[in-house]
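Trainee: Could you show me the model, please? I would like to go through one strand residue and its surroundings.

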Amino acid sequence: ALVLKELQVLSANNQQPLFPVINLQLEKGQSLLITGPSGVGKTTLLRSLAGLWPFVTGGVTFPENSKHFFLPQRPYLP
């Protein structure tokens with residue numbers, strides 16, 4: 001399962017939470033749709049899960065030997 005435990009995503013400029021703490025367990029075969037108005041942090045959440053956003057506390061655990069790829073609406077690859 002993909003497990004998000006006490007995940008808190010913070011803004012870069014003032015280190016304030018972008019949204020409430022996330023606790024989630026997504027089992028194999030389950031889907032998750034992330035929606036919300038522009039500017040609430042949907043893409044930042046995906047960057048956090050992909051390890052591209054350093055302003056995060058809590059934990060993200062992926063299944064062993066899993067392959068994952070995140071592609072937000074605007075692709076961001078360093």
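**Leucine 4 and its neighbours**

Mentor: Leucine 4 touches Ile22, Asn23, Leu24, Leu49, Gly59 and Val60, leaving aside residues up to four places away in sequence; contact means heavy atoms within 4.5 Å. This is a predicted model: local features need pLDDT of at least 70, side-chain atom pairs count only at pLDDT 80 or more, and totals for chains, interfaces and linings use all residues. Residues are numbered from 1 along each chain as its sequence is written, and side-chain values use heavy atoms, without hydrogens and water.

Trainee: Is leucine 4 buried or exposed?

Mentor: Buried means under 20% relative accessible area, exposed over 50%, partly exposed in between (1.4 Å probe, protein chains only). Leucine 4 has a relative accessible area of 5%, so this residue is buried.

Trainee: Which residue in strand 2 is the bridge partner of leucine 4?

Mentor: Leucine 4 lies in strand 1, residues 2-9. Strands (E, at least two residues) are DSSP runs, numbered from the N terminus, as are helices (H or I, at least four). Strand 1 pairs antiparallel with strand 2, residues 22-26, over four bridges; pairing takes at least two DSSP bridges. The partner of leucine 4 there is leucine 24.

Trainee: Which element gives the most to the largest nonpolar core?

Mentor: A nonpolar core is a set of buried Ala, Val, Leu, Ile, Met, Phe, Trp, Tyr and Cys residues joined through side-chain atoms within 4.5 Å. The largest has 10 residues, including Leu4, Ile22 and Leu49. Strand 1, strand 2 and helix 1 (42-49) each give two or more. The top contributor, with four residues, is strand 1.
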